[in-house]
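Hi everyone, thanks for making time. I'd like to walk you through one model this morning, starting with its charged pairs and ending with its core.

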Amino acid sequence: MRFSRCFTWLCECYTVQRAVGVNVMKRKLAEHDNLKITIEQTGDKFHIKESSTFRTKDIDFTLGVAFDYSLADGTEVSGTWVMEGDVLKGIFTRKDNSKVLTTTRALVGGELVQSYNYEGVDAKRIFKKQ
């Protein structure tokens, strides 16, 4: 499955934000971030552009190759993305406490569904295609 598309965020994921320690003020700000994700895939290489009211970030990675990343709240993680069938799966370890954040991205009915799991707490973001 090819992921080269642009998606706009529709849903919130406050349960995971709370679980990973994002304070209430940052969670409130996230309500208004108008996040857009553009995903470009060339073979096993990905370029993702995240743009919102608060920041724009370009991320490049290769499937199966570890890389470092900063979450929107500044949390530093390290991990990898892999393809499991038609699902893009990322397993990331926080650098501050070694806890694992697992996320998946899948195209479902023309939407990008991004799911998170952190310490048994699940959440989803649903992005509409632009």
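So, salt bridges: there are 5 in the structure. Bear in mind that this is a predicted model. The chain's average pLDDT is 80, and 75% of the residues reach at least 70.

Let me take E111 and K128, whose closest N and O atoms sit 2.4 Å apart. This pair connects distant parts of the chain, with E111 in strand β9 and K128 in strand β10, 17 residues apart. Is E111 buried or exposed? It counts as buried, because its relative accessibility is 18% and the cut-off is under 20%. K128 is partly exposed at 38%.

Next, D96 and R94, which pair with an N to O distance of 2.7 Å. Here D96 is exposed, at 57% relative accessible area, while R94 is buried, at 9%.

Then there's E84 with K89, at 3.8 Å from N to O. Both partners are partly exposed: E84 has 44% and K89 has 21%.

K89 also takes us to the core, since it is among the contacts of W81, along with F61, F67, L88 and F92, leaving aside neighbours within four places in sequence. Which residues touch the most other members of the largest nonpolar core? They are F61, F67 and W81, in a core of 21 residues. Strands β2 through β9 each supply at least two of those residues, and β9 gives the largest share, with 3.

One caution before you download it: residues 9-14 stay under 50 in pLDDT, and the model has 19 contacts for them beyond four places in sequence.

Notes: Residues numbered from 1 in each chain as written. Predicted model: local features only at pLDDT ≥ 70, side-chain atom pairs only at ≥ 80, totals over all residues. Heavy atoms only, no water. pLDDT = per-residue confidence, 0-100. Contact = heavy atoms within 4.5 Å. Core = buried A, V, L, I, M, F, W, Y, C linked by side-chain atoms within 4.5 Å. Buried < 20%, exposed > 50% of the residue type's maximum accessible area, 1.4 Å probe, protein only. Helix = DSSP H or I, 4+ residues; strand = E, 2+ residues; numbered from the N terminus. Salt bridge = Lys/Arg side-chain N within 4 Å of Asp/Glu carboxyl O.
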